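Colleague: Please take a close look at a single part of this model and then set that part in its surroundings. I would like each term explained with its cut-offs as you come to it.

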Amino acid sequence: MDKRRLIYLDNNSTTPVDPRAVDAMLPYFYEKPGNAASRSHPFGWVAEEAVDYAREQVANLLDADPKEIIFTSGATESDNLGIKGVFEMYASKGNHIITTRTEHKAVLDTCQKIEKLGGQVTYLEVGNDGLIDLVALEAAITDKTILVCIMWANNETGVIQPMKAIGDICAKKGVLFMSDATQAVGKIPVNPRETGVHIMAFTSHKMYGPKGVGALYVSRKNPRVKVTAQMDGGGHERGMRSGTLNVPGIVGFGKAAEIAKAQMAEDAIRLSALRDKLEAGLCKLEETYVNGNKGSRMPHVTNISFKHVEGEGLMMTFNQHIAVSSGSACTSASLEPSYVLVAMGLGDDLAHSSIRFSLGRFTTDEEVEFAIEAVSKGVNHMRDLSPIWEMYKEGIDLNSVIWSAH
Amino acid sequence: MAYSEKVLDHFQNPKNVGTLDKSKKSVGTGLVGAPECGDVMRLQIEVDEVSGLITDAKFKTFGCGSAIASSSLATEWLKGKSIDEALSIDNMDIVEELALPPVKIHCSVLAEDAIKSAIADYKQKNGVETSAEVSVHS
């Protein structure tokens, strides 16, 4: 294959937009430029119709009622609206929220804000496999608990939480269940009602739609949930999210949802085979570990630690050709390695050595083969450069070495 | 983050990768950093007994591109220098030469520590009085 081509294996960061979604959007930039809130002329009516249709497409993907879909600017806004909106709306019932240590920052930072506002937050631990302990969840629920917020699938490892079991516990205890389903929607079947999820955040750009548009699912019956608006203004989206709707974005989101519904099963089968091939190819290297529960995982994701190789350095060996992400500290401004992997009990050394590969609808078999070759070559090169690999090969117990932490 | 040309060059063509015989009296070894911090550098120098000059320098580094480039550059600079000249290498010289961004300055600090640690090891082996104080950043 053409080695100058850049191979994209970072689909958990964002996905390319499906050309069919782009085609659907284009008229709403040009000949149909109306504001969906303009009630007095055909430009507005056409835009409103397009938004209504997209709302149905998105709702269909989730087997939800279109009225349960609130359009936002993306999953971060949806997470904020869901958590802060419940905290305000249900303040008379309690002030306690339960979440996990491995949530996305959009949830964790919002929860920190809730704590500053006087709320109580419990952060559940996860096991080595990335899954929460259901007994610990149930034990954490008090009479002050108003919300359990647990992500559907993790962005770094792809690990899928036992959603139905969590939903059952929340139903039994009578607390609201919210999920950040950003990484799951459009890729695996997600049905909030059947699962017992009352509020759910997700976004278009992780499912082959455009960036800048997302949604919050808010259950309308059994129970009827309300969230306090966090954006004040014209009262759009049934008063829950003011702001002129991003009509072309919403149209693209809708089309992406329709395509996902039709293609999800086929994509998942193809991608899990490719992912397994990638994983098997890379795990031929010595001292290579897959992070997260392999039995409950997104079909397109693998997170691998290559021991005694630093993730960012490793990426530099192939990032002219292959785009991936690392849990290495060096890729973050904080110099801390991935908090998700550390919460799973990985040593900081293995967390620094991790690479996340996330495949997508447009990933080919040829690309996976090239990636196996290029990444293996990179790992071997970096190990040749690594003093700790040399020490490991000489049989030195690295735990017995007194390191000068810096 | 994009890397500077010089970092990329040292990363793609690292100079002086390897291992010197640490049991030799003429070889000083410095091992700094920690795996859990994401950086470990091992830097070695070989000193000519007669001239007192560093005749060879080798490194191996576990770390990001900037850490590898910093140690590669350090070994290049060390060759041909006297011990005292080597001790005067400052981490900011490395920062400047490689155009390291602020978030990567610790890589240069680690390289300076590795140089000082290798020299201290050599001096200790050879019973040389330490004139300059060896300060290891923490």
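Modeller: The answer below begins with one helix and then moves outwards.

This is a predicted model, in which local features need pLDDT of at least 70 and side-chain atom pairs count only at pLDDT 80 or more, while totals for chains, interfaces and linings use all residues. Residues are numbered from 1 along each chain as its sequence is written, and chains are lettered from A and ligands numbered from 1 in the order in which they are written.

The part I have chosen is helix H9 of chain A, residues 311-318; helices (H or I, at least four residues) and strands (E, at least two) are DSSP runs, numbered from the N terminus. Eight of the eight residues of H9(A) are buried, so the helix is largely enclosed by the rest of the structure. A residue is called buried if 20 or more other C-beta atoms, placed from the backbone, lie within 10 Å of its own, exposed if 12 or fewer do, and partly exposed in between. The buried residues are A:Gly311, A:Glu312, A:Gly313, A:Leu314, A:Met315, A:Met316, A:Thr317 and A:Phe318.

Just before the helix, in the loop between S10 and H9 of chain A, lies A:His308. A:His308 is not a glycine, yet its phi is positive, at about 70°. Most residues other than glycine have a negative phi. A:His308 is also buried, because 26 other C-beta atoms lie within 10 Å.

One neighbour of the helix is an open sheet of four strands in chain A, with the order S9-S10-S13-S12 and antiparallel pairing; two strands pair if DSSP finds at least two bridges between them. The edges are formed by strand S9 (288-290) and strand S12 (325-326) of chain A, and each has a single partner strand, so one side of each is left without a neighbour in the sheet. H9(A) packs on this sheet and touches S10, S12 and S13 of chain A, and its direction makes about 50° with that of S13(A). Touching rests on contacts, meaning residue pairs whose C-beta atoms, placed from the backbone, lie within 7 Å; the angle, on a scale from 0 to 180 degrees, is taken between N-to-C directions of lines fitted to C-alpha atoms, for helices over the stretch in contact. Strand S10 (residues 301-306) and strand S13 (residues 354-358) of chain A are joined in the antiparallel sense by five bridges, and in S13(A) the bridge partner of A:Val301 is A:Ser358.

The helix also leads to the second chain. The contact between the chains takes 24 residues from chain A and 27 residues from chain B. On the side of chain A that touches chain B, H9, helix H11 (348-352) and helix H13 (387-393) each supply at least two residues. That side has 11 nonpolar, eight polar and five charged residues, where Ala, Val, Leu, Ile, Met, Phe, Trp, Tyr, Cys and Pro count as nonpolar, Asp, Glu, Lys and Arg as charged, and the others, Gly among them, as polar.

Seen from further out, chain A has 13 helices and 13 strands, and its C-alpha trace spans about 75 × 55 × 35 Å along the principal axes. For 406 residues a compact globule would have a radius of gyration near 22 Å, and the 22 Å of chain A agrees; the radius is taken over C-alpha atoms, and the globule rule is 2.2 Å times the number of residues to the power 0.38. Of the 406 residues of chain A, 52% count as buried.

Elsewhere in chain A, strand S2 (residues 69-72) is covered on both faces, with A:Ile69 and A:Phe71 on one side and A:Ile70 and A:Thr72 on the other, all buried. Its antiparallel pairing with strand S8 (residues 214-218) of chain A runs over four bridges, and A:Thr72 has A:Gly214 as its bridge partner in S8(A). In the loop between S8 and helix H8 (247-282) of chain A is A:Pro223, and the peptide bond that joins A:Asn222 to A:Pro223 is cis, with omega near 0°.

As for the partner, chain B has five helices and three strands, following the pattern α-β-β-β-α-α-α-α along the sequence. Its radius of gyration is 14 Å, close to the 14 Å that the globule rule gives for 138 residues, so chain B is as compact as a globular protein of that length.

Definitions and conventions: Contact = placed C-beta atoms within 7 Å.
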